[in-house]
Amino acid sequence: MNLSAYKAVLAQPKAASIFLLGFLARFPFSTTGLLLTLHCVLTLHVSFTQAGLLVTAATLGAAISAPWRGRLLDKQGLRRTLVPPIIVNGIVWMTVPWLPYAGVLPLVFLGGLFSIPVFSIVRTSLAVIVPARMRRTAFALDSVFTEFVFMTGPALATVLVYSAGSRPTMILVGVLIVAAGLGLMVVDPPLRTDQIMLPTHLSEPLETAEAAAAAHTGEYNERRVFEDTQTGAIPVVGDPAQEQAKSAARTALLSWGGISILVSTAVGSMLLVATDVAFVALLREIGQEGMVGPMVSIMCAGSAIGGIVYGAMRTDVGALWILLLMGLLILPLALTHTLILLIVFAFLAGTTIAPLLSATGEAIAQKVPEEGRSEAMGWHGSSLTIGAAMGGPIFGSVIDVWGANWGFGAAGLVAIGIAGAGLIAMRIRRVRVRRRLAATVPGLS
């Protein structure tokens with residue numbers, strides 16, 4: 001384990017500012033689900049079921065938005081892509097607090113549909129400015145910062161709702177969302193390497209050789225000089241090479257390896273929601289309802305520590321192996337009925353959260369060409385969103401029928417089953433590829 005790797009990542013140009021911007025920009029987004037629920041129950045006086053439908057509508061909109069907005073980032077650049085979401089979110093969050101439930105439902109879906117893609121922007125930019133050998137550390141550090149956001153953001157929102165009311169809190173969150181979008185436009189983090197490369201003066205012989213090579217391929221007049229380092233200012237529409245790269249990116253994402261990454265991401269997110277629901281149910285059964293918030297914080301603390309350790313590791317650990325470990329660490333919670341053991345196993349299970357997010361993000365960055373990386377990161381974000389949306393109803397029904405401990409048991413078994421099946425399938429595929437190569441390449445064994 002090498003903790004100096006974090007110092008090396010932060011020493012990269014623009015890295016510290018991107019981490020800070022991502023940390024601050026995620027704060028308002030971490031509060032929206034809880035804030036909408038509290039507004040429905042405390043201000044609109046509707047049921048938790050109706051509040052859940054509202055959160056589902058916003059989640060569905062965000063799931064649709066992430067890859068779509070990522071594709072626009074690849075095609076149009078950051079600034080042009082962010083203008084519509086900033087305007088729409090400003091209108092939505094200034095209007096929603098004053099509407100009845102029937103009016104809120106379509107507006108929050110619209111707000112989700114025009115989500116500001118903070119996750120895609122930060123991860124894509126980190127993949128650009130950080131060398132490939134440092135990406136695991138960079139993504140792990142970003143996951144740790146994200147855990148701190150989700151440890152503090154919802155708690156602060158709850159305090160504001162109970163002290164000032166849900167309407168002023170929603171307006172404040174709307175202002176912060178718009179500020180986050182404007183901050184991203186001002187900082188303008190690079191999304192492609194040609195936005196951070198400067199012109200290089202070559203010696204006369206090398207310059208002559210380069211010109212001859214370009215002329216020989218018929219591309220002399222189209223040779224690019226990287227003078228404009230501003231995101232979105234470099235024309236990207238109609239470039240055949242870039243369009244081919246984007247097509248290759250989608251092909252890579254739809255391959256077995258790409259699909260396994262997305263599935264691992266969705267299952268991991270689903271398990272996080274499942275454990276939250278199971279904690280609420282089990283703590284109610286043992287008369288410790290007040291420990292729900294601290295228990296979530298304990299898991300987040302475990303995730304932060306796990307992320308720090310994972311980012312400093314030199315050994316490559318695949319996402320499916322981490323998902324398998326997550327399942328194995330969740331499973332003991334199914335046999336636990338005391339508060340002390342719950343705390344211990346919650347912390348241990350939490351240590352796999354940030355590593356799983358880091359591993360899947362790193363795998364996508366390595367697998368997908370940068371011309372289509374924002375869209376790929378958008379699909380990664382959608383996988384997180386879809387998994388979270390599925391976790392509540394699926395495992396909630398398990399808890400209703402068999403009890404809280406079975407919620408943990410089912411979550412652990414699902415993780416172990418899917419990770420095990422994926423690892424076996426990958427092993428079979430490798431064996432087949434080796435046999436095919438051995439048959440076509442003489443002497444290869």
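Helices here are DSSP runs of H or I with at least four residues, numbered from the N terminus. By that count, Trp406 sits in helix α17. Keep in mind that this is a predicted model. Here's a quick tour of its salt bridges, ring pairs and surface patches, with helix α17 (residues 404–440) turning up under several headings.

**Salt bridges**

- You'll find 3 salt bridges in the structure.
- One of them joins Asp142 to Arg26, with the closest N and O atoms 2.8 Å apart. Asp142 belongs to helix α7 (residues 135–164) and Arg26 to helix α2 (residues 15–43), so this contact ties together parts of the chain 116 residues apart in sequence.
- Both ends of that bridge are tucked away: Asp142 has a relative accessible area of 1%, so it is buried, and Arg26 counts as buried at 7% relative accessibility.
- Asp142 also has a salt bridge with Arg123, where the closest N and O atoms are 2.7 Å apart. Since Arg123 lies in helix α6 and Asp142 in helix α7, the pair ties together parts that are 19 residues apart in sequence.
- Arg123 is buried, and so is its partner Asp142. Shared partners put Arg26, Arg123 and Asp142 into one salt-bridge network.
- Asp188 and Arg79 make another salt bridge, with 3.4 Å between the closest N and O atoms. The two come from distant parts of the chain, 109 residues apart: Asp188 is in the loop between α8 (166–187) and α9 (204–216), while Arg79 is in helix α4 (residues 78–95).
- The ends of this bridge fall into separate burial classes. Asp188 is buried at a relative accessible area of 4%, whereas Arg79 is partly exposed at 33%. The cut-offs behind those labels are under 20% for buried and over 50% for exposed, with partly exposed in between.

**Aromatic pairs**

- The structure has 6 aromatic pairs. Among them is Trp68 with Phe114: the ring centres are 5.8 Å apart and the planes meet at 70 degrees, so the arrangement is edge-to-face.
- Trp68 is in helix α3 (residues 48–76) and Phe114 is in the loop between α5 (101–113) and α6 (118–129), so the pair ties together parts 46 residues apart in sequence.
- Trp68 is partly exposed, with a relative accessible area of 37%, but Phe114 counts as buried at 17% relative accessibility.
- Phe279 and Phe408 form an edge-to-face pair too, at 5.0 Å centre to centre and with 65 degrees between the planes. Phe279 comes from helix α11 (residues 256–285) and Phe408 from helix α17, so parts that are 129 residues apart in sequence get tied together.
- Both of these rings are well covered by the burial cut-off: Phe279 counts as buried at 1% relative accessibility, and Phe408 counts as buried at 0%.
- Ring pairs also link Phe19, Phe23, Phe27 and Phe145 into a cluster.

**Positive patch**

- Lys367, Arg427, Arg429, Arg430, Arg432, Arg434, Arg435 and Arg436 form a positive surface patch.
- Which helix gives the largest share of the positive patch? That would be helix α17, with 7 residues.
- Arg430 is one of the patch members and is found in helix α17. With 41% relative accessibility, Arg430 counts as partly exposed.

**Nonpolar patch**

- Val401, Trp402, Trp406 and Leu413 make a nonpolar surface patch of about 500 Å².
- Two helices contribute, α16 (373–402) and α17, each supplying at least two residues of the nonpolar patch.
- Trp406, on helix α17, counts as partly exposed at 47% relative accessibility.

**A loop arginine**

- Arg314 is in the loop between α12 (292–312) and α13 (319–330).
- Is Arg314 buried or exposed? Its relative accessible area is 70%, so Arg314 is exposed.
- Arg314 and Arg133 are 181 residues apart along the chain, and their C-alpha atoms are separated by 9.7 Å.

Definitions and conventions
Residues numbered from 1 in each chain as written. Predicted model: local features only at pLDDT ≥ 70, side-chain atom pairs only at ≥ 80, totals over all residues. Heavy atoms only, no water. Patch = residues over 30% accessible without salt bridge, like charges linked within 9 Å, V, L, I, M, F, W, Y side chains within 5 Å. Areas by Shrake-Rupley, 256 points an atom, 1.4 Å probe, with all protein chains shown as cover. Salt bridge = Lys/Arg side-chain N within 4 Å of Asp/Glu carboxyl O. Lys, Arg positive; Asp, Glu negative; His and termini not counted. Charge placed at Lys NZ, Arg CZ, Asp CG, Glu CD. Buried < 20%, exposed > 50% of the residue type's maximum accessible area, 1.4 Å probe, protein only. Phe/Tyr/Trp six-rings, centres within 6.5 Å; stacked < 30°, edge-to-face > 60°.
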